[in-house]
Each structure stands twice: as C-alpha cells, then as structure tokens.
2 protein chains.
Amino acid sequence: MNAIICTVDVVLLTLQDEALHVALLQRDHPPFAGVLALPGGYVHADEDVDTGDAAMRMLREKTGIESPYLEQLATFSGRARDPRGWSISVAYYALVPWQVIATARHPELSLLAVDQVRALPFDHQQIIATAVRRVRDKSSYSSLPVYLCADRFTLPQLQSVYEAILGTPINKVSFRRKIDELDILEPVAGALETGKAHRPAQLYRVKKRFYRQLSLSDRALSSR
Amino acid sequence: MNAIICTVDVVLLTLQDEALHVALLQRDHPPFAGVLALPGGYVHADEDVDTGDAAMRMLREKTGIESPYLEQLATFSGRARDPRGWSISVAYYALVPWQVIATARHPELSLLAVDQVRALPFDHQQIIATAVRRVRDKSSYSSLPVYLCADRFTLPQLQSVYEAILGTPINKVSFRRKIDELDILEPVAGALETGKAHRPAQLYRVKKRFYRQLSLSDRALSSR
DNA sequence: CCACTTCGTTGCACAATGCAACTAAGAAAG
DNA sequence: CTTTCTTAGTTGCATTGTGCAACGAAGTGG
C-alpha cells in the first residue's frame, strides 16, 4: 500500500480595504512550482509536536509571521486533490491585522481578496471558502474579529471590521451593547484617535486575559 | 523519516435513559487489544475515496450501522497519542437513535454514558469530549437532535432530547415556537402517541427534504 | 465663532422570550 | 357514567432584547 501524504495548509486571513484577504505564496517545489497557493507543506514527524505545531512552523518559515490566533479548520483528503497521490491536508486558519503582514519580512507574499480567488492548485479554493465561512459564522457571535485589529482601535473601527466580515451594516447602538456585554475591551486612558476633522473616538485595547482567548455571546449580532 | 500513521476514529453517539452515550468496541488488534475504544482504524488509500468515506466504512464494518448524520469533528495528531509512532487521526461523529444501535448486528458493542467515560486508550477520551461539546453547541441553534429520534416522535419527546443534550430545562412554548420556525417537521396525519394515561401527543416526522440536512436557527434556544 | 462631521448616549417603538394559566383529551378510579 | 388525574397544546401578558431616530459632545476647518 502506498504511504499517505500528510501535509498542513494555513489560510492566513487579514482585512485590507474593508475586505477579507488571503495570503498566498508562490510554490517553490513541484507540483505546481511557481503557482500561487496556500502556505503549507509536509508534516515533519521528527520535528513537529502535532499538526498545530506544524502549522505554526509553516507560518513562521514561509511568511515570517507568528499569529496569536491559529485554529484548526478541517481536514481535506483523498486521491484526487494532490497529483502525488492519496493525501491528507490538515488545514488551519489564522487571523492577523494587516499591519503585521505589511511589516513581515516576506515580500513575495500576495494578498488576494477572498471573493476574487480563482483557480488555485489542489483544493485550496475550497479550503479558503471553508475558512471564510467559518470566520463569518464565528464572527456573528464572538469576539473573533478583534484579531484583525491592531493593538489599539476605536469602536467605530471595530464595527467596520465586523461589517466587512459579515457583509452587512450593523446598528451602532446594538453593536456597542454587544461588545460591552462581551467585556473584553478596556479604554486606553486618555488616548483618542487623532487627525480627523470631527469628535475623536476613544481608543480601546483587549483586556490582557482575553488576549488569546475568544469571548462568545449567546446571541448573534445581526440577523441574516 | 518515519511514515505517519493515518487513521480515522468515529464517535458514535446516541441517547439512552435521557443521557448521551458513546459506542465503544473491544479492540481486536494491538496496541490495546481487548480494551474498549472508539471504532476506528487505518485509512485505506486503495479503497477509501477520502477520510469521510473511511469513517463510513469503519462504522459499517465495525458496528454494522449506516448513520444518516456523519460529520467531521477534528483531527488529532502527534507523537504521543499512539505508541506505534507519530500519528494522525481524523475524527468523525455520528448520531443515531438508540433503536438503531439496539437492532444492529454487533452485540459486542458497549454503550457508555459520555460523562462516565474514563481511561480510554490513545486520546479517545479527549476526542469524545470534543464531540460532546460540538453536539451540545450545535444543538442549541440547530435541528441536530432530531437525528437522535426515531422516525416518528412527539414534540414533548423531542424537547426531552434537547433537554438531555443541553442539560437544562427548556420552556415549552419557546421550544415549540423555535421548532415551528425551523419548519422541518410535519405531523403524521391521525397518528397519536398511544398507551399513556393522559391526552395523547401528535406524532411528527422530519420533512423529506430535511432528512439529511441540518436546519439552523439564527438565535440560540436557551441561555447558558 | 460658526459650520460640519462623526462620536457616543438616551428614549422609545417593536420584536422575541418566558411564565402562568387555561382548555383538551385520553386513562383510571369510583 | 362521572369524576379525577395527568400530560398535550394554546393563549395572554410581563419581561427582556433589539433597532431606530434624535440629540448633545467634541474635534477640525473656514
């Protein structure tokens, strides 16, 4: 029996121009050498503790990024998805603020709007679609989108992040109520957004204890 | 480099005596031969279309059951979980009515209440815990629990299934409103539950078009 | 100092949820 | 045959959550 190919792929998502973007890299080995694809590669049994560890390594090696949020997405498998043979890819997704990607050391990294992704090798398009669906679902009842924000941000900024992900406007008052209930943010004393020709907004940061932990709401933010 | 061991494990859940139970089997091969564990085994690259297919095969071969609901749960991996070496297990979970297990051809199958499961081989305890968490979460905003019901059931029966899974009483009126909104059930004309010394309840069945498809609610059933 | 814009809050209308009380419909007891 | 008991299923109302509009607040720029 042929050995099964074990890989890990990472869907690195960020927000640019009010739209979710996915980070893609040119593959440097066959199959599909030179083609844009998700950062990924073989699981190294002698090096990786588990596939989550492999995903972190992949992100670090291929993009120079350490993401505070990295979650297992799903596993994709079968004969057809990889020309090399029957394969398993354990997919992960990560969320980072756009600034983190901009300052990462890998310039050959491409950002594509997730709804303009087409014709990727393997089943990477399906993996991305699954990740986007997961992020949208989870955003409607959790604090997930704060991982797309810089370390300090205003509530109007955060609202526009939610709106970009969910693809629908949110009522300002309801939004602020929900965020307040989650109880994950604290105002940065005396820090206001500057430079705009109107009343400045209060800057917030995530409370320390929620830095790496999602907060869930028992009711969704907006109807569908 | 050592080849990575690729397996599939299935968490087969059912409801018995108002409590979630998991189906376990005595392993017939080492490691842990003779010990109770989740039904599972190697992925067969020459036989299985993908891991979902492998999971169905595992269920069929080891328990004789074909489950209408079988969903990928998560993938568990690493050096430590299997004494044979670095391994990946793609875990699936299935929900079936108790009667299906009772009439299955495999008598050596054990049902254990999920909160009394202890000391299983590999990381099967963790896999079960993950499955139970998933089922509880999903039940609060979906029709998932109907997969634990026989093909005909009353609304009070369905409510008690929800209550058993969620571990909390649900308001009768709210429950019926939610189920009604999901619009997945139809009354079986003229069929009433018999044999009880009180007003008989209407029997319902799942509408054909929802037989294999979940219906989601945009609001959770009960607060936590 | 006034116009303009967005921030952030308040009050209120409307919708969803939960509770209690009610009627309905059977079996069992007298 | 009538009464009692128990659960099914519904109705009305109190409570809570959500969405909208309007308002004062606080900055910039003319």
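This report looks at how two protein chains sit on DNA strand C and how the chains relate to each other. The model is predicted.

**Around the DNA strand**

There are 22 residues around DNA strand C. The nearest are K172(A), H198(A) and Q202(A) from one chain, with S174(B) and R177(B) from the other. Which parts of the strand come within 4 Å of the protein? Sugar and phosphate make up 61% of those atoms.

The surface near DNA strand C mixes residue classes. Nine of its residues are charged, eight are nonpolar and five are polar. Two helices each supply at least two residues of this surface: α5 (172–182) of chain A and α5 (172–182) of chain B. The largest share comes from α5(B), with four residues.

**Polar contacts**

Three polar contacts show what the protein reaches on the strand.

| Residue | Protein atom | Atom of DNA strand C | Distance |
|---|---|---|---|
| K172(A) | side-chain N or O | base nitrogen | 2.6 Å |
| S174(B) | polar side-chain atom | phosphate oxygen | 2.7 Å |
| A197(B) | backbone N or O | base nitrogen | 2.9 Å |

K172(A) uses its side chain to meet a base. S174(B) also uses its side chain, but its partner is a phosphate. A197(B) meets a base through its backbone.

**How the chains are related**

Two copies of a chain are related by a rotation about an axis and a shift along it. Here, a turn of 179 degrees and a shift of 0.0 Å along the axis lay chain B on chain A, with an RMSD of 0.1 Å. That is the relation of a two-fold axis.

What surface do the copies use to meet? Of the interface residues of chain B, 96% are also interface residues in chain A, so the copies meet through the same surface.

Key: Residues numbered from 1 in each chain as written. Chains lettered and ligands numbered in written order. Predicted model: local features only at pLDDT ≥ 70, side-chain atom pairs only at ≥ 80, totals over all residues. Heavy atoms only, no water. Near = heavy atom within 4 Å. Polar contact = N/O pair within 3.5 Å; in protein donor to acceptor, adjacent residues only side chain to side chain. Nonpolar A, V, L, I, M, F, W, Y, C, P; charged D, E, K, R; others polar. Least-squares fit on C-alpha atoms with pLDDT ≥ 70 in both. Contact = heavy atoms within 4.5 Å.
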